[in-house]
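Biologist: Got a minute to look at this one with me? I'd like to talk through the surface, the fold and a few residues.

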Amino acid sequence: MPTPTMEDYIEQIYLLIHTKGYARVTDVAEALLVHPSSVTKMIQKLDKESFVKYEKYRGFILTEKGTKIGKRLVFRHDLLEEFLKLIGVDEENIYEDVEGIEHHLSWNAIDRIADLVAYFKEDESRIEALRKIQEQERD
């Protein structure tokens, strides 16, 4: 299992590959606000754990294992953003809140949140009822 820091790197590499077609050390460093040397060290760790295939001076790619984890991590992040929006968390708080909680929830909890999001989206009146409860609490 990857550590939370490894997860952040895998997620970012996955996103870069899917948006740009590739990921470079400088791209990852810029996205995560870290030094390129830190990225290189992490890439070497991810290579040892078989999440990436790294060749010195040539670059790196996600392995099948890394791609599978990356896809799941992006799903988790997107789901938590959607969930927090759905329950009415202020937009300016959502990104930081997701970053703060995503590594602390079990995959079982993530799956149950996915169920809850699906439940609310299945019938818009459920979301409207939640909004009414929230409005009553504000008054």
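Biologist: How much area does the protein chain expose?
Modeller: About 9100 Å², and carbon and sulfur atoms supply 52% of that. Keep in mind that this is a predicted model.

Biologist: And what share of the residues is buried?
Modeller: Buried residues come to 32% of the 139 in the chain.

Biologist: What about its overall dimensions?
Modeller: The C-alpha trace spans about 60 × 25 × 25 Å along its principal axes. The radius of gyration is 18 Å, while a compact globule of 139 residues would have one near 14 Å.

Biologist: OK, which elements are in there, and in what order?
Modeller: There are 7 helices and 2 strands. Starting at the N terminus, the order is α-α-α-β-β-α-α-α-α.

Biologist: How do the strands run, parallel or antiparallel?
Modeller: Antiparallel, with 4 bridges joining strand 1 to strand 2 (residues 59-62). One of the pairs is glutamate 55 with glycine 59. The hairpin has 3 residues between the strands, and tyrosine 57 takes a positive phi near 70 degrees there.

Biologist: Which side chains of strand 1 are buried?
Modeller: Val52 and Tyr54, which point to one face; Lys53 and Glu55 point to the other and are not buried.

Biologist: Switching topic: is arginine 76 buried or exposed?
Modeller: Buried, because its relative accessible area is 2%, and under 20% counts as buried. Arginine 76 sits in helix 4 (residues 64-86).

Biologist: What does arginine 76 touch?
Modeller: Leaving out residues up to four places away in sequence, arginine 76 touches Glu7, Glu102, His103, Trp107 and Ile110.

Notes:
Residues are numbered from 1 along each chain as its sequence is written. This is a predicted model: local features need pLDDT of at least 70, side-chain atom pairs count only at pLDDT 80 or more; totals for chains, interfaces and linings use all residues. Side-chain values use heavy atoms; hydrogens and water are left out. Buried means under 20% relative accessible area, exposed over 50%, partly exposed in between (1.4 Å probe, protein chains only). Two strands pair if DSSP finds at least two bridges between them. Contact means heavy atoms within 4.5 Å. The radius of gyration is taken over C-alpha atoms; the globule rule is 2.2 Å times the number of residues to the power 0.38. Accessible areas come from the Shrake-Rupley method with a 1.4 Å probe; for residues, only the protein chains shown count as cover.
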